[in-house]
Amino acid sequence: MRYRGNYFLTLVTGLCLMTLGICACESETFTPKPKGYNRIDLPEHRYQALPDSFPYWFEFSKEAQIVDDSSYISERYWIDLLYKDLGANVVITYKSVKDSADLVKEYVSDATRLTSKHQIKAYAIDETVIRTPKGRTAVVAELEGEVPTQFQFFTTDSSQHFLRGALYFPTATKNDSLAPVIEYVKKDIIHMLNSLEWKEE
């Protein structure tokens with residue numbers, strides 16, 4: 001009799017627990033929490049003049065420092081604008097055109113090719129031709145997706161100078177979490193292009 005009572009008690013307890021479990025599962029609705037990202041406090045936009053030792057001149061962010069390009073293909077007047085605190089880097093390359101229409105075509109073709117190399121990972125590349133207040137034109141490309149460079153540009157006077165730049169983040173952080181910093185540096189780049197002046201050779 002004792003054996004049967006224990007069996008019955010175990011059976012009832014098990015059924016009660018199972019019923020509670022089912023009720024709990026049915027009443028609970030699961031809502032996934034949105035992804036959270038680190039808060040990024042961005043400084044005000046303040047600018048300084050590029051030194052006179054280059055064949056081009058512009059105003060660049062006071063949050064950036066000029067660093068010589070250290071790549072193995074580096075040429076004279078190639079620099080990086082390094083945003084140490086933001087983890088961003090704007091790579092600037094310069095070429096002398098030397099009154100050669102063929103060189104202009106070559107450099108424009110190279111710039112376009114370097115942008116299109118990112119088509120594998122980019123789900124959108126938007127190219128726009130902008131005209132600066134000083135009457136110069138520049139081509140800017142905005143790249144969307146998990147790409148190492150989110151913003152590129154080039155400009156030329158078609159006779160003496162060709163300047164190209166690209167924004168990089170040497171980090172594994174997802175681009176959607178970097179969006180505020182990308183927008184911040186993009187504004188600095190547009191200011192740089194608007195203030196750009198060429199120096200006579």
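How many nonpolar, polar and charged residues does the lining of the largest pocket have? Keep that in mind while we get our bearings, and remember that this is a predicted model.

**Stop 1: the whole chain**

Start in cartoon view. You should find three helices and eleven strands. Walk along from the N terminus and the elements come in the order α-β-β-β-β-β-β-α-β-β-β-β-α-β. Switch to a surface and you're looking at about 13100 Å² of exposed area, with carbon and sulfur atoms supplying 55% of it. Of the 201 residues, 36% count as buried.

**Stop 2: the largest pocket**

Now for that opening question. Select Ile 73, Trp 78, Thr 93, Leu 114 and Arg 164: of the 27 lining residues, these are the closest to the centre of the largest pocket. The pocket holds about 650 Å³ of space. To see what surrounds it, colour strand S6 (88-96), helix H2 (101-116) and strand S10 (161-168), which each give two or more residues to the lining. H2 has the largest share, with six residues. And the count by class? The lining has twelve nonpolar, nine charged and six polar residues.

**Stop 3: the largest nonpolar core**

Next, select Tyr 56, Leu 81, Val 90, Ile 92, Leu 167 and Val 185. In the largest nonpolar core, which has 33 residues, these touch the most other members. Elements that give two or more residues to this core include strand S2 (56-57), strand S8 (137-145) and strand S9 (149-156). Helix H3 (175-195) gives the most, with eight residues.

Zoom in on Val 90 and show its neighbours. Leaving out residues up to four places away in sequence, Val 90 touches Ile 79, Asp 80, Leu 81, Tyr 83, Phe 153, Ala 166, Leu 167, Val 185 and Ile 189. Apart from this core lies another one, of seven residues, including Val 97, Ala 111, Val 139 and Phe 162.

**Stop 4: two cavities**

Rolling a probe the size of a water molecule over the atoms shows where empty space is left. How many cavities of 30 Å³ or more does the structure hold? There are two.

For the largest, select Ala 111, Thr 115, Glu 127, Val 139, Ala 141, Gln 152, Phe 153, Phe 154 and Arg 164, which line it. Its volume is about 50 Å³. S9 gives the most to this lining, with three residues. By class, the lining divides into five nonpolar, two polar and two charged residues. You've met Arg 164 already, at the largest pocket.

Then move on to the second largest cavity, with about 40 Å³ of space. Select Glu 59, Phe 60, Ser 61, Leu 81, Tyr 83, Val 90, Asp 188, Ile 189 and Met 192 to outline it. Strand S3 (59-61), S5 and H3 each give two or more residues here. This lining has six nonpolar, one polar and two charged residues.

**Stop 5: two unusual backbone angles**

Most residues other than glycine have a negative phi. Select Tyr 77, in the loop between strand S4 (65-68) and strand S5 (79-83). Its phi is near 75°, a positive value. Then select Lys 98, in the loop between S6 and H2, where phi is positive too, near 60°.

Are these two buried, partly exposed or exposed? Tyr 77 counts as partly exposed because its relative accessibility is 23%, which lies between the 20% and 50% cut-offs. Lys 98 counts as exposed because its value is 60%, over the 50% limit.

Notes:
Residues numbered from 1 in each chain as written. Predicted model: local features only at pLDDT ≥ 70, side-chain atom pairs only at ≥ 80, totals over all residues. Heavy atoms only, no water. 1 Å grid on protein atoms, 1.4 Å probe; cavity = no way out; pocket = protein on both sides within 12 Å on 5 of 7 lines; lining within 4 Å. Points joined across faces, edges and corners; volume = space filled by probe spheres on them. Helix = DSSP H or I, 4+ residues; strand = E, 2+ residues; numbered from the N terminus. Nonpolar A, V, L, I, M, F, W, Y, C, P; charged D, E, K, R; others polar. Buried < 20%, exposed > 50% of the residue type's maximum accessible area, 1.4 Å probe, protein only. Areas by Shrake-Rupley, 256 points an atom, 1.4 Å probe, with all protein chains shown as cover. Core = buried A, V, L, I, M, F, W, Y, C linked by side-chain atoms within 4.5 Å. Contact = heavy atoms within 4.5 Å.
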